[in-house]
Amino acid sequence: MICISTRGQSLAVPFREAVLTGLAPDGGLYVPDVIPRCPDAWWQALRGRPFPEVAAAMAERLIGDEFSTAELHGLIAGALNFPVPIVRLDQQLSVVELFHGPTFAFKDFGARTLARLMALVHDAAEPLTVLVATSGDTGSAVAQAFFRVPGTRVVVLYPDGQVSDVQEAQFTTLGENVTAVAVSGSFDDCQRLAKNAFANDTLRRRVKLTSANSISLGRLVPQMFYYGYAALHAPAGTRVVISVPSGNFGNLVAGVMAWKMGAPIAGFAAATTVNDTVPRYLATGRFEPRPSVPTLANAMDVGNPSNFERLQWLFGGDRHAMRELIASSVHTDDEVTRAIAQLSRRYNYTADPHTAIAYLGALAAGASLFLATAHAAKFRDVVERATGATVPLPEALAATVKRPRFVQKIGPTPGELAAILQA
Ligand SMILES: *Cc1c(COP(=O)(O)O)cnc(C)c1O
């Protein structure tokens, strides 16, 4: 798969190089030069097949020129070794559960695949530092995905005091090749620090840096698989519209790429918190990032979504074409609390705040599927307050929360981060 930069000023590179580099040298994001469009018959032949089979077929079409069939099967079997249940709530509405990986959130798809891709393509003699800024779930998924992968180290930047206790426990209790750094500032500050480090040539000569944020194309490709799988799950001929709880918009970009590949999807609903930069763009044509505001769905609190650049590229900058495929809606914390209560009452379904936003997006747009991106237990305080019922903590999470934590604290200044990276 030949990859080019959204800004058009970098050389085209093979996918394996885009995986290692993360951000393109011109500051843009890597995108596939061409997304192969598979004919309807190809998709129909995959109908009813299990998730790993759909994933392998899509992977073969996308990156089969760079990896052998055996490598792709090994990659999928190793990284995506958990179920993807589709739960039917009623005649019109089903939920695709993406939180059955080791960190109980959908970011396991991207992070685990990326870690194994990097292990496949990088020269183990040169140690690799994975730098990741997180508003919660990315950090745990990336830390868990790279934990003990030889020749790699992970540095996780997160806003001090702004991630949930369980999220924090998941990336601060590992130790070994995982360093957790609490930044006194917002997620946007963390993202800026990471971008600064990647732009610092002196630093990059000393430390072999790479990214595992949703800016990495290596994370987006595996996310395409569940869109293909979910679309094929609906009865043939039904209009499949998928509601995606969106923050940095990597998930939605993966969905649009699956659609471009010909997956039988009629449209998307992008549902956000009050951090509504993209819905405002869709309505007005102006992209005006704002500082992020904290909400109950903290993994979606992004004021300046990086993947917007990819979204624009996918539509050639045509906002009207984007609006034809993507509806959007914005949801407050009050609505989220009520939605969690309603899902529990109406369907006996326990949803976390991010999933509740996807549900609200589905109602607003008449979508037939919505994505559940985190396990309710990761946000049990909010969920218990909304429903009045106890949410049991899965055993693996309960054990993690009790382990000792290793954290370094810094201010939002590039110098302090550079010192840690060179340590
Ligand atoms: C990261 C995250 C999102 C938002 O996904 P994007 O790809 O950033 O739009 C939604 N829900 C959960 C639980 C997340 O961790």
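Here are a few questions and answers about the cavities and the ligand in this predicted model.

Local features here need pLDDT of at least 70 and side-chain atom pairs pLDDT 80 or more, while totals for chains, interfaces and linings use all residues. Residues are numbered from 1 along each chain as its sequence is written, and side-chain values use heavy atoms, with hydrogens and water left out.

Q: What makes a space in this structure a cavity, and how many are of 30 Å³ or more?
A: On a 1 Å grid over the protein atoms alone, a cavity is a set of points where a 1.4 Å probe fits but cannot get out. Three cavities of 30 Å³ or more pass that test.

Q: What is the volume of the largest cavity?
A: About 280 Å³, where volume is the space filled by probe spheres set on the grid points, joined across faces, edges and corners.

Q: Which residues that line the largest cavity are the closest to its centre?
A: Lining residues have an atom within 4 Å of a point. Of the 27 here, F106, K107, G247, N248 and A299 come closest to the centre.

Q: Why is K107 said to make a polar contact with the ligand?
A: A polar contact is a pair of N or O atoms within 3.5 Å. An N or O atom in the K107 side chain sits 2.5 Å from a ligand oxygen, so the pair counts.

Q: What about N248 and T373?
A: A backbone N or O atom of N248 is 2.8 Å from a ligand oxygen, and a side-chain N or O atom of T373 is 2.8 Å from a ligand nitrogen, so these pairs count too.

Conventions. 1 Å grid on protein atoms, 1.4 Å probe; cavity = no way out; pocket = protein on both sides within 12 Å on 5 of 7 lines; lining within 4 Å. Polar contact = N/O pair within 3.5 Å; in protein donor to acceptor, adjacent residues only side chain to side chain.
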